[in-house]
Amino acid sequence: MPHLPLSGLVVVELGHSIAAPYAGLILAELGAEVIKVERAGAGDPVRDWGPPYTDGIATAFQTYNRSKAGIEVDLRDGAQRDALRTLIVERADVVLQNLKAGAADRAGLGGAALTKAKPLLIYCNLHAFGAVGPLKDHPGYDPLMQAYGGLMSVTGEAEDRPPVRVGVSIIDMGAGMWAVIGILAALAERTRGGSGTIVDVSLYETAIGWMLWPLSSYLASGQVPGRQGSAMSTIVPYQTFRAADADLMIAAGNDNLFAKLCAAIERPDLAVDERFSTNGQRVRNREILVPLLRAVLATATAADWCDRLGKVGVPASPLQDAAGVVACEQTA
């Protein structure tokens with residue numbers, strides 16, 4: 001589609017699992033020609049991440065690798081390695097790779113070698129822990145990074161409950177997004193007369209990026225943030241509540257919205273109570289306020305509360321599952 005912004009750009013993806021394939025998917029759907037390179041005979045392991053399967057291939061693979069062309073290469077075969085190198089030097093604008101640490105270099109397909117052979121090439125490494133540091137050669141996966149990067153320490157219910165991971169591969173997909181951001185920045189520099197470059201992103205740095213607020217909070221206060229369930233440590237009320245029939249999320253993110261919430265639930269007295277009149281006071285008195293709100297919100301259905309709160313501009317939402325999201329008119 002010639003009108004798409006990356007039309008004419010050629011990307012070679014030496015990617016497997018999710019991080020590099022997700023970056024490749026974004027670039028492909030922005031118009032780039034993305035050529036996915038898979039291991040000969042075996043392919044990307046995600047091909048068997050199922051069920052469910054679509055046309056005999058795991059739906060997960062189809063999800064992250066649509067809009068791409070595909071070839072398979074045996075990197076142990078010198079002729080095939082040379083052919084892939086020639087393809088990159090002759091056609092590629094961008095190379096994406098998340099092979100095991102050192103594998104691309106050993107095959108003669110590392111960033112230093114290829115950018116030397118083609119100075120305008122943009123070469124993006126998606127590492128596990130980063131390009132430098134004592135763990136730079138260690139492998140890494142999304143749940144490991146959710147644990148090691150601190151995300152699991154602030155996700156889930158109270159400390160006496162088992163830790164949980166975010167239910168999607170947020171680290172892998174975030175790293176893919178950072179890869180695209182780095183590549184687009186490098187492309188912008190190249191259009192201003194610059195050369196190609198090597199872009200380094202990693203799963204661990206992505207995890208730290210998602211932890212920006214908790215890490216800043218710890219550095220400022222010395223207190224280690226804990227799990228808050230659906231709530232937020234610095235805003236109240238900003239969490240799920242159980243209505244008469246289902247759960248709903250309420251995000252009264254400032255004093256004005258809290259006053260509107262109190263009026264809508266027919267408890268205007270709470271808005272002028274000095275314990276709750278400012279967000280700072282509500283945070284300090286969370287254990288008093290939240291049970292009061294729970295008692296009121298349990299008296300009507302989630303749909304009723306969403307309707308009432310929506311009419312006065314208080315952000316509120318039912319908790320939708322995958323089926324609900326698919327059926328939603330806004331999704332369509």
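**Entry 1: T115**

I looked up T115 and found it in helix α5, which spans residues 111-117, in what is a predicted model. I noted T115 as buried, because its relative accessible area is 17% and the cut-off for buried is under 20%. I then followed its polar contacts to the backbone: the side chain of T115 reaches the backbone oxygen of G111 at 2.6 Å, and a polar atom of that side chain also lies 3.4 Å from the backbone oxygen of A112.

**Entry 2: aromatic pairs**

I went through the aromatic rings next, and the count came to four aromatic pairs. I took F129 and Y148 to begin with: their ring centres are 5.7 Å apart and their planes stand at 85°, so I entered the pair as edge-to-face, given that planes over 60 degrees apart count as such. This pair links distant parts of the chain, since F129 sits in the loop between β7 (122-127) and α6 (142-148) while Y148 belongs to helix α6, 19 residues apart.

Is F129 buried or exposed? I recorded F129 as buried, because its relative accessible area is 11%. F129 also pairs with Y204, and here I wrote down a tilted arrangement, with 5.7 Å centre to centre and 50° between the planes. The F129 and Y204 pair again joins distant parts of the chain, from the loop between β7 and α6 to helix α8 (residues 203-210), 75 residues apart. For Y204 I noted a relative accessible area of 24%, so Y204 is partly exposed. I closed this entry by listing F129, Y148 and Y204 as one aromatic cluster.

**Entry 3: arginines over rings**

I also checked for charges placed over ring faces, and found R282 over the face of F258, at 4.4 Å from the ring centre. In a further case, R308 lies over the face of W305, with 4.3 Å to the ring centre.

**Entry 4: the second largest pocket**

I turned last to the second largest pocket, for which I have a volume of about 470 Å³. Its lining is made up of 20 residues, and those closest to the pocket centre are V154, W213, P214, A231 and M232. Which helix gives the most to this lining? I found that it is helix α9 (residues 212-221), with three residues. Sorting the lining by class, I obtained 12 nonpolar and eight polar residues, with no charged residues.

Notes:
Residues are numbered from 1 along each chain as its sequence is written. This is a predicted model: local features need pLDDT of at least 70, side-chain atom pairs count only at pLDDT 80 or more; totals for chains, interfaces and linings use all residues. Side-chain values use heavy atoms; hydrogens and water are left out. On a 1 Å grid over the protein atoms alone, a cavity is a set of points where a 1.4 Å probe fits but cannot get out, and a pocket is an open set with protein on both sides within 12 Å along at least five of seven lines; lining residues have an atom within 4 Å of a point. Grid points are joined across faces, edges and corners, and a volume is the space filled by probe spheres set on the points. Helices (H or I, at least four residues) and strands (E, at least two) are DSSP runs, numbered from the N terminus. Ala, Val, Leu, Ile, Met, Phe, Trp, Tyr, Cys and Pro count as nonpolar, Asp, Glu, Lys and Arg as charged, and the others, Gly among them, as polar. Rings of Phe, Tyr and Trp (its six-membered ring) pair if their centres lie within 6.5 Å; planes under 30 degrees apart count as stacked, over 60 as edge-to-face and the rest as tilted. Buried means under 20% relative accessible area, exposed over 50%, partly exposed in between (1.4 Å probe, protein chains only). A charge sits over a ring if NZ of Lys or CZ of Arg is within 6 Å of the ring centre and within 35 degrees of the ring normal. A polar contact is a pair of N or O atoms within 3.5 Å; within protein, one must be able to donate a hydrogen and the other to accept it, and residues adjacent in sequence count only if both atoms are side-chain atoms.
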